[in-house]
Amino acid sequence: MKKILVITISALLFITVNAQKEKKFDYEPSKYGSYLVTPAFDQTKGVGNYGQASWLDQSYSKVLFYNPIKEVLSKEKLETLHISTGFIVTFNSKGKVLNCKFTIDNRDKDVITEDEFYNLYIKFKKLEIDMTKVKIDAGYYPSEVKVFDYALMGGSLIPIEYRDK
């Protein structure tokens, strides 16, 4: 009986330890001194014709993306981040966020935890973009395509009020 109990407890401890070691994000170094941080659990990509996003209401996009950031990251962390630490959100023409990645300056690698990245990811995935405030088109490049299915939006993780003036 003791042997069964010891084996059961050992198995549970093994599972718990391994579950805690599982990484939620992959950190891929770039040649520019930063990392691309991608979710290991979600590799959803845009399907169809890629277009460029133009925000018709800049204040809307700032509130849309910076409110979740301020909810997840403390003021102290936001004040220490470098401007190149940011986010890249892929969304479709209906305003649904398909995926989110992060770029992180090498100097900020240990500032944001995996749990904070995960919480940011979840908050960004829940966003519903009002497509009357954004236009997806060919941008500056001539294109025969008239309908675009998805676009990317990127920005710094530092809200404007935390940036050095």
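A residue counts as buried under 20% relative accessible area, as exposed over 50%, and as partly exposed in between. These cut-offs are applied below to a predicted model, starting with a charged pair at the surface of two helices.

By them K123 is partly exposed, because its relative accessible area is 30%. Its partner E71 is exposed, since the relative accessibility there reaches 55%. The side chains of E71 and K123 meet in a salt bridge with an N to O distance of 2.9 Å. This pair links distant parts of the chain, as E71 belongs to helix α2 and K123 to helix α4, 52 residues apart.

In total, the count comes to 8 salt bridges. Another of them joins R107 to D105, again at 2.9 Å from N to O. Here R107 is exposed at 57% relative accessibility, whereas D105 is buried at 7%. A further salt bridge brings together D137 and K135 at 3.2 Å, N to O, and K135 is partly exposed at 41%.

Turning to the interior, the largest nonpolar core comprises 35 residues, and W55, F65, I69, F87, F102, F124 and I129 have the most contacts inside it. Two or more residues come from each of β2 (34–39), α2 (58–72), β4 (86–92), β5 (97–105), α4 (114–126), β6 (134–137) and β7 (150–156). Helix α2 gives the most, with 6 residues. Leaving aside residues up to four places away in sequence, F65 touches W55, F87, V89, F124, L127, I129 and M153. In soluble globular proteins, nonpolar side chains tend to be buried together.

Conventions. Residues are numbered from 1 along each chain as its sequence is written. This is a predicted model: local features need pLDDT of at least 70, side-chain atom pairs count only at pLDDT 80 or more; totals for chains, interfaces and linings use all residues. Side-chain values use heavy atoms; hydrogens and water are left out. A nonpolar core is a set of buried Ala, Val, Leu, Ile, Met, Phe, Trp, Tyr and Cys residues joined through side-chain atoms within 4.5 Å. Buried means under 20% relative accessible area, exposed over 50%, partly exposed in between (1.4 Å probe, protein chains only). Helices (H or I, at least four residues) and strands (E, at least two) are DSSP runs, numbered from the N terminus. Contact means heavy atoms within 4.5 Å. A salt bridge is a side-chain nitrogen of Lys or Arg within 4 Å of a carboxyl oxygen of Asp or Glu.
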